[in-house]
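These are my notebook entries on one protein model. I looked up its sheets first, then its helices, and lastly its backbone angles.

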Amino acid sequence: MAMVGLFWIAEGDVYVGAKPTGLAPGIRLSPEGVIALGASQSGLYLWEDVHALTVANVPVKSLKRQVGAVKDLALGTVMELALSSGIGGAGEAPPMLTVYVEGPDDDHELTAYVAAALGYSQTEIDLSRALLSRLTEGAATMATTLAAMSEWGRAWEGGSPRRAEREALLRRWVG
């Protein structure tokens with residue numbers, strides 16, 4: 001499993017945002033279309049009916065966000081020790097991002113948890129948005145691009161690549 005830009009690639013599966021577990025919301029990109037997952041959303045939006053994919057509410061990595069994460073971790077640890085019950089402190093859910101699926105007749109708003117705890121670099125956000133746009137350019141472009149992402153995911157071993165490699169992969173997939 002690895003995070004590349006706004007995408008979570010687990011073996012051959014490609015998700016926008018974090019890969020969902022249980023009833024959590026998620027968005028999977030398949031050769032057939034955009035699949036909404038989770039208890040609060042479901043459905044398949046076929047690529048032939050998807051005119052645009054846009055993403056909003058994406059947290060940008062910043063020094064303030066990094067300092068806040070360290071502060072929250074420290075405060076959570078202190079609370080855990082003070083309560084010594086093993087319960088409490090760090091139960092907040094990660095932020096959500098929103099993907100708008102524009103169709104011929106209506107638009108759909110889907111959500112997924114953010115995969116990057118501290119947010120994403122602006123370059124990765126911009127490249128990911130370009131890649132989402134590329135996926136709606138036509139069946140051949142979508143199939144080739146999604147196949148390249150899936151193939152990379154099946155071949156990759158280890159965690160997420162470093163920032164420079166993630167950006168290089170996104171640039172290659174954007175074309």
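**Entry 1. The sheet of three strands**

In what order do the strands of the open sheet of three strands stand, and is their pairing parallel or antiparallel? I read the order as β7-β8-β9, and the pairing is antiparallel. I note here that the model is a predicted one.

I then looked up the edges. β7 and β9 (107–113) hold these positions; each has a single partner strand, so one side of each has no neighbour in the sheet. I also looked up the twist: neighbouring strands of this sheet are turned against each other by 25° on average, with direction ignored.

For the pair of β8 and β9, I took down the bridges. Strand β8 covers residues 96–102 and pairs with β9 in the antiparallel sense over seven bridges. One residue pair I recorded is Leu97 with Ala112, its bridge partner in β9.

**Entry 2. The protein as a whole**

I stepped back to the overall content. The protein has four helices and nine strands. Along the sequence the pattern reads β-β-β-β-β-β-β-α-β-β-α-α-α.

Of the 175 residues in the protein, 40% are buried. I computed no further split, but I did note the contacts between residues at least 6 apart in sequence: 60% of these join residues at least 24 apart. The protein exposes about 9,600 Å², of which carbon and sulfur atoms supply 55%.

**Entry 3. The sheet of six strands**

Which strands form the open sheet of six strands, and in what order? The order is β1-β2-β3-β4-β5-β6, with antiparallel pairing. Its edge strands are β1 (2–4) and β6 (43–46), each of which pairs on one side only. From one strand to the next, the twist averages 30°.

I followed the bridges from β1 onward. β1 and β2 run antiparallel and are joined by three bridges. Within this pair, Ala2 has Ile9 of β2 as its bridge partner.

Which helices pack on this sheet was my next point. Helix α2 (residues 122–134) packs on it and touches β1, β2, β3 and β4 (26–29). The direction of α2 makes about 70° with that of β2. Helix α3 also packs on the sheet, touching β1, β2, β3 and β4. For α3, the angle with the direction of β2 is about 55°.

I returned to the bridges. Four of them join β2 to β3, and these strands run antiparallel. Phe7 has Val16 of β3 as its bridge partner. Three bridges join β3 to β4, again in an antiparallel run. Val16 appears here too, standing opposite Ile27 in β4. Val16 thus links my notes on both pairs: it is the bridge partner of Phe7 and stands opposite Ile27.

**Entry 4. The helices α3 and α4**

How do the axes of α3 and α4 lie to each other? Helix α3 spans residues 139–155 and helix α4 residues 163–174; their axes come within 9 Å and cross at roughly 150°. Angles over 145 degrees count as roughly antiparallel, so α3 is roughly antiparallel to α4.

I listed the residues that make the contact. From α3 they are Thr145, Ala148, Met149 and Trp152; from α4 they are Leu169, Arg172 and Trp173. By class, the residues of this contact divide into five nonpolar, one polar and one charged.

**Entry 5. Positive phi angles**

I kept the backbone angles for last, with one reminder: most residues other than glycine have a negative phi.

Where does Glu11 lie, and what is its phi? Glu11 belongs to the hairpin of β2 and β3, which has two residues between the strands, and its phi is positive, near 55°. The loop in question runs between β2 (7–10) and β3 (13–16). Is Glu11 buried or exposed? Its relative accessibility is 63%, so Glu11 counts as exposed.

Asn57 is a further entry of this kind: its phi is near 65°, a positive value in a residue other than glycine. I located Asn57 in the loop between β7 (52–56) and α1 (63–83). Its relative accessible area is 51%, and because exposed means over 50%, Asn57 is classed as exposed.

Technical notes: Residues are numbered from 1 along each chain as its sequence is written. This is a predicted model: local features need pLDDT of at least 70, side-chain atom pairs count only at pLDDT 80 or more; totals for chains, interfaces and linings use all residues. Side-chain values use heavy atoms; hydrogens and water are left out. Buried means under 20% relative accessible area, exposed over 50%, partly exposed in between (1.4 Å probe, protein chains only). Two strands pair if DSSP finds at least two bridges between them. Axes are lines fitted to C-alpha atoms, for helices over the stretch in contact, and angles run from 0 to 180 degrees between N-to-C directions. Angles under 35 degrees count as roughly parallel, over 145 as roughly antiparallel, 65 to 115 as roughly perpendicular and the rest as oblique. Contact means heavy atoms within 4.5 Å. Ala, Val, Leu, Ile, Met, Phe, Trp, Tyr, Cys and Pro count as nonpolar, Asp, Glu, Lys and Arg as charged, and the others, Gly among them, as polar. Accessible areas come from the Shrake-Rupley method with a 1.4 Å probe; for residues, only the protein chains shown count as cover.
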